[in-house]
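Welcome, and thank you for stopping by. Here is a short guided walk through one protein model, taken a few places at a time.

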Amino acid sequence: MNTPGTLVTSRPLDEYCQLFALSRSALCAVPGPVLDCPGGASGLAAEARALGVEVVATDPAYAAPLPALTALARHGRDAMAVAMAATPQLYPAPRHLPPARYLRSWDRARRLFAADSAARPERYVAAALPRLPFADGSFALTLSSYLLFAYPELFPPAAQLAGLLELARVTAPGGEARIYPLHDGAGHPCPHLDELRAALGRRQVSSEIRRSPRPGDGRTRRVLVLRAADHRRRAAGVTGL
């Protein structure tokens with residue numbers, strides 16, 4: 001099952017590109033496999049594979065049978081519709097992306113996910129942070145959306161740090177792990193992000209905040225970008241901030 005208290009979402013590839021300041025051409029130029037963690041019922045793996053990009057998705061929800069998982073994804077879509085109506089200021093302006101069209105993009109992504117995960121189940125791995133079943137440096141690019149900072153009630157600071165270190169561990173030296181958002185579901189930014197970044201630095205993981213304009217309203221979107229040193233030189237263990 002999915003992490004209790006989290007939504008299973010169905011974001012399409014184009015939304016991933018917007019969230020992580022990517023383009024399709026940049027994604028195609030990534031020199032190795034991409035990890036989507038947590039993948040939910042997104043269309044990223046299926047759509048990127050059609051472009052020739054190898055994507056592995058991981059999510060504890062993949063332990064559930066596919067019909068149960070797609071039902072969770074439909075619930076996530078309905079919850080997003082309610083949230084967009086209740087707090088429109090947290091979402092792109094309707095003139096840029098009407099809610100009905102946005103939700104249809106989730107419906108399409110969910111259908112792509114269902115077909116692709118049934119055809120290629122080995123690319124959808126049931127696992128959860130902070131313990132992923134991948135070797136050090138397995139991925140040239142790691143993407144993590146709407147988890148560690150979106151649910152601070154589920155991921156206190158020590159759990160956030162452990163999750164970030166694990167994302168960095170499975171990312172190849174020279175690659176990047178990108179994490180978005182850096183705020184919770186109410187839009188409140190993480191109050192201890194500087195302390196987390198300092199703790200990452202002490203463990204040989206460099207970080208930066210990459211900013212890009214949000215389409216439609218000009219507001220700035222912030223992505224945390226991690227780069228790990230050679231994994232053999234990394235300090236072992238997580239002892240806190």
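Let us begin with proline 12, which, leaving aside its neighbours within four places in sequence, is in contact with Glu47, Ser105, Trp106 and Ala109. The model you are looking at is a predicted one. Proline 12 sits in the segment before helix H1. Its relative accessible area is 11%, so proline 12 is buried. The C-alpha atom of proline 12 is 9.1 Å from that of aspartate 107, although 95 residues separate the two in sequence.

**Two helices side by side**

Aspartate 107 also takes part in the contact between helices H4 and H5. As background, two packed helices are described by the angle between their axes and the distance between the axes. H4 covers residues 66–86 and H5 covers residues 99–119; their axes come within 11 Å and cross at roughly 170°. An angle over 145 degrees counts as roughly antiparallel, and H4 and H5 are therefore roughly antiparallel to each other. Their crossing is right-handed.

Which residues make the contact between H4 and H5? On the H4 side they are Leu66, Leu69, Thr70, Ala73, Arg74, Gly76, Arg77, Met80, Ala81 and Met84. On the H5 side they are Pro99, Tyr102, Leu103, Trp106, Asp107, Arg110, Phe113, Ala114, Ser117 and Ala118. The residues of this contact divide into 13 nonpolar, 3 polar and 4 charged. Trp106, listed here on the H5 side, is also one of the residues in contact with proline 12.

**A helix among strands**

Next comes helix H6, residues 157–169. At 1.5 Å a residue, its 13 residues should span 18 Å, and its end C-alpha atoms are 18 Å apart, which agrees. Is H6 largely enclosed or largely open? Of its 13 residues, 10 are buried, so H6 is largely enclosed by the rest of the structure. The buried residues are Gln160, Leu161, Ala162, Gly163, Leu164, Leu165, Glu166, Leu167, Ala168 and Arg169. What covers them includes strands S4 (139–145), S5 (171–180), S6 (205–213) and S7 (220–228), along with helix H7 (193–202).

H6 and H7 pack with their axes 10 Å apart, at an angle of about 45°. That makes H6 oblique to H7. The crossing of these two helices is right-handed. H6 contributes Pro157, Gln160, Leu161, Leu164 and Leu165 to the contact, while H7 contributes Leu196, Ala199 and Leu200. The residues of the contact of H6 with H7 divide into 7 nonpolar, 1 polar and no charged.

Gln160 of H6 also gives a handle on alanine 61: the C-alpha atoms of alanine 61 and glutamine 160 are separated by 19 Å, with their positions 99 residues apart along the chain. Alanine 61 is found in the loop between strand S2 (55–58) and H4. At 1% relative accessibility, alanine 61 counts as buried.

**Backbone details in the loops**

Most residues other than glycine have a negative phi, and most peptide bonds are trans. The table gathers four places that depart from this pattern.

| Place | Backbone feature | Location |
|---|---|---|
| Leucine 129 to proline 130 | cis, omega near 10° | Proline 130: loop between S3 (124–125) and S4 |
| Tyrosine 180 to proline 181 | cis, omega near 0° | Proline 181: loop between S5 and H7 |
| Alanine 21 | positive phi of about 55° | Loop between H1 (13–19) and H2 (24–28) |
| Tyrosine 146 | positive phi near 55° | Loop between S4 and H6 |

How accessible is alanine 21? Alanine 21 is partly exposed, with a relative accessible area of 39%. Tyrosine 146 counts as partly exposed too, at 28% relative accessibility.

**One more loop**

Our last stop is glycine 32, found in the loop between H2 and strand S1 (34–36). Glycine 32 has a relative accessible area of 23% and is partly exposed. Its C-alpha atom is separated by 8.6 Å from that of serine 138, and the two residues are 106 residues apart along the chain.

Notes. Residues are numbered from 1 along each chain as its sequence is written. This is a predicted model: local features need pLDDT of at least 70, side-chain atom pairs count only at pLDDT 80 or more; totals for chains, interfaces and linings use all residues. Side-chain values use heavy atoms; hydrogens and water are left out. Axes are lines fitted to C-alpha atoms, for helices over the stretch in contact, and angles run from 0 to 180 degrees between N-to-C directions. Helices (H or I, at least four residues) and strands (E, at least two) are DSSP runs, numbered from the N terminus. Angles under 35 degrees count as roughly parallel, over 145 as roughly antiparallel, 65 to 115 as roughly perpendicular and the rest as oblique. A crossing is left-handed if the near helix is turned anticlockwise from the far one by less than a right angle, and right-handed if clockwise. Contact means heavy atoms within 4.5 Å. Ala, Val, Leu, Ile, Met, Phe, Trp, Tyr, Cys and Pro count as nonpolar, Asp, Glu, Lys and Arg as charged, and the others, Gly among them, as polar. The expected span of a helix is 1.5 Å times one less than its number of residues. Buried means under 20% relative accessible area, exposed over 50%, partly exposed in between (1.4 Å probe, protein chains only).
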